[in-house]
Amino acid sequence: MTTTTTKREVGQTPPKQVAPPGRKPELKTKASYSTTGDHPLLFELGAPGLCGSGLPVSDVPNADRTTNLPVEMLATSLPALPEVGELDVVRHYKRLAHRCFSIDENFYPLGSCTMKYNPRINERVAFIPGLANLHPYQSDSDTQGMLELLYRLRCDLQEISGLPEVTLQPAAGAHGEMTALMIITAYHRSRGEHRTKVLAPDSAHGTNPASCAICGHKAVTVKSKPDGRVDLDDLRAKVDQDTAAFMITNPNTTGIFDEQIAEIAEIVHAKGAQLYLDGANMNAILGITRPGDFGVDCMHFNTHKTFSTPHGGGGPGAGPVGVAEHLRPFLPVPQVIENGNGSFAWCDDREKSIGKVRSFFGQVGVLVRAYAYIRSLGCDGLKDVSQKAVLNANYLAAKLKERFNLPFPGPYAHEFILIPDFAGDGVSENDVAKRLIDYGIHPPTMSWPIHHCLMIEPTETESKRTLDNFVDVMNKIADEVAENPSIVKNAPHTMPVRRLDEVAASRKPNVRWKA
Ligand SMILES: *Cc1c(COP(=O)(O)O)cnc(C)c1O
């Protein structure tokens with residue numbers, strides 16, 4: 001490994017580092033050693049005097065640190081940052097980028113996550129300077145375009161959900177769930193009721209019980225039947241005067257649309273409880289059915305799933321919440337409104353509001369992308385998205401059924417559950433997932449909502465060719481298990497890192513570099 005010095009463009013000599021009393025910054029120069037395998041870290045690449053940028057020589061006097069800053073804020077030593085040439089930095093990050101799986105390069109059948117392609121038009125719109133460069137402290141009159149966009153987005157989501165009002169504030173799906181439970185709690189309180197329980201089916205996303213706990217409710221599990229639908233007898237037995245809400249995901253995480261939903265709404269409402277829809281994945285029902293029409297009181301969207309915006313690595317997202325008429329007084333403030341004269345404003349006027357759940361106005365950049373996505377598709381386009389998502393999932397399921405076990409009978413909505421039945425050969429679903437990586441496919445969601453399963457969601461953005469290739473790869477892996485299971489058990493073979501100790505990585509993560 002050689003390091004190159006980038007010639008400084010403007011300043012002649014590198015500015016001297018003012019080393020405060022204490023320790024001198026120490027830099028590692030041993031580029032041969034690396035904790036990432038084949039390539040050194042920037043810290044290992046760096047050497048004193050290398051510089052990645054050329055700044056003009058300062059023509060103003062240095063501020064006197066000792067008089068301008070309180071003494072307790074003065075650093076006693078410089079941070080040991082690497083000194084690296086510009087080209088080394090570029091190559092370093094480019095190399096890391098090549099190690100990434102991404103939706104722009106790889107098929108991502110990651111169930112429940114709705115990893116769809118993010119059309120480039122979304123990015124263009126989000127980067128329009130008049131939108132991207134706004135500051136949240138600018139006045140309403142300065143930001144009419146953005147306000148109109150957000151107002152129109154909330155109207156579109158109202159239309160899609162069949163619910164009369166939507167707030168755009170929550171910053172993620174889980175945050176939307178929490179907001180909705182706060183709204184529901186405030187509603188019960190306004191009626192003099194202190195309901196403490198929230199029910200959710202055993203197939204619920206982990207964020208559902210977590211949101212209950214955050215809001216001080218007790219999470220109670222309702223059983224599912226073998227066909228993946230809610231066990232109505234168990235629901236009837238558990239819903240009572242102490243139940244604040246029943247949280248349901250429909251279509252649920254087994255990929256089944258529960259047609260009992262209207263009956264479920266009746267059972268829940270008969271006890272004065274609220275029906276909450278986890279609408280993280282609306283991909284199967286856009287323009288086909290509306291939660292407000294099937295009895296839902298309150299729901300959240302994940303704009304970063306259904307309405308594109310890639311969300312790998314935990315962000316960014318937006319989790320707008322829609323509510324029925326009786327819950328509107330409790331929505332967060334501020335709400336974006338139309339003044340009636342064609343102008344738009346933020347409005348704090350809502351007496352029973354639960355208040356603010358996010359600084360400023362929400363995750364605006366993501367909301368702009370959602371708006372661009374919805375508007376560029378239009379009503380027919382959105383319906384087409386769902387029809388193709390459903391078609392793709394059912395096509396894959398039909399093909400894979402020939403050799404794999406699909407425990408829940410179809411037809412499916414946007415995703416389905418598959419069990420790779422290789423326990424006899426000592427091959428687990430985890431091994432299959434790792435082997436898929438060798439074939440350039442991102443592993444599906446694993447071991448959830450039932451043990452030993454893969455949860456497969458192709459989304460509407462994939463071509464028949466990509467789906468057929470996935471089927472071929474799955475069949476090939478089944479052949480490999482029969483012929484030589486160790487190939488699958490030791491996968492991946494083609495990645496910079498092989499099997500990792502996943503338990504240690506989550507329980508004792510080591511995320512700091514030490515010299
Ligand atoms: C993704 C997802 C969530 C959580 O959304 P985040 O934005 O990750 O907080 C909740 N429910 C379901 C069904 C999901 O798929």
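Is Phe360 buried, exposed or partly exposed? Here are a few friendly notes on this predicted model, starting with that ring.

1. Phe360 is partly exposed, because its relative accessible area is 32%, and buried would need under 20%. Its aromatic partner Tyr137 is exposed, with a relative accessible area of 70%.

2. The structure has eleven aromatic pairs. In the one formed by Tyr137 and Phe360, the ring centres are 5.2 Å apart and the planes meet at 85 degrees, which is edge-to-face. This pair links distant parts of the chain, 223 residues apart: Tyr137 sits in the loop between helix 5 and helix 6, and Phe360 in the loop between strand 9 and helix 12. Both rings belong to one aromatic cluster with Trp346 and Phe361.

3. Another pair worth a look is Phe257 with Phe294, also edge-to-face, at 5.9 Å centre to centre and 75 degrees between the planes. Phe257 lies in the loop between strand 4 and helix 10, and Phe294 in the loop between strand 5 and strand 6, so the pair ties together parts 37 residues apart in sequence. Phe294 is buried at 8% relative accessible area, while Phe257 is partly exposed at 24%.

4. Now to the ligand. Among the 14 residues around it, the nearest are Ser112, Ala174, Asp278, His304 and Lys305. Helix 7 contributes the most to this shell, with three residues. By type, the shell holds eight polar, three nonpolar and three charged residues.

5. A polar side-chain atom of Asp278 is 2.5 Å from a ligand nitrogen. Ligand oxygen atoms lie 2.8 Å from a side-chain N or O atom of His304 and 2.7 Å from a polar side-chain atom of Lys305. The protein buries 86% of the 380 Å² that the ligand exposes when taken alone.

Technical notes:
Residues numbered from 1 in each chain as written. Predicted model: local features only at pLDDT ≥ 70, side-chain atom pairs only at ≥ 80, totals over all residues. Heavy atoms only, no water. Near = heavy atom within 4 Å. Polar contact = N/O pair within 3.5 Å; in protein donor to acceptor, adjacent residues only side chain to side chain. Areas by Shrake-Rupley, 256 points an atom, 1.4 Å probe, with all protein chains shown as cover. Helix = DSSP H or I, 4+ residues; strand = E, 2+ residues; numbered from the N terminus. Nonpolar A, V, L, I, M, F, W, Y, C, P; charged D, E, K, R; others polar. Phe/Tyr/Trp six-rings, centres within 6.5 Å; stacked < 30°, edge-to-face > 60°. Buried < 20%, exposed > 50% of the residue type's maximum accessible area, 1.4 Å probe, protein only.
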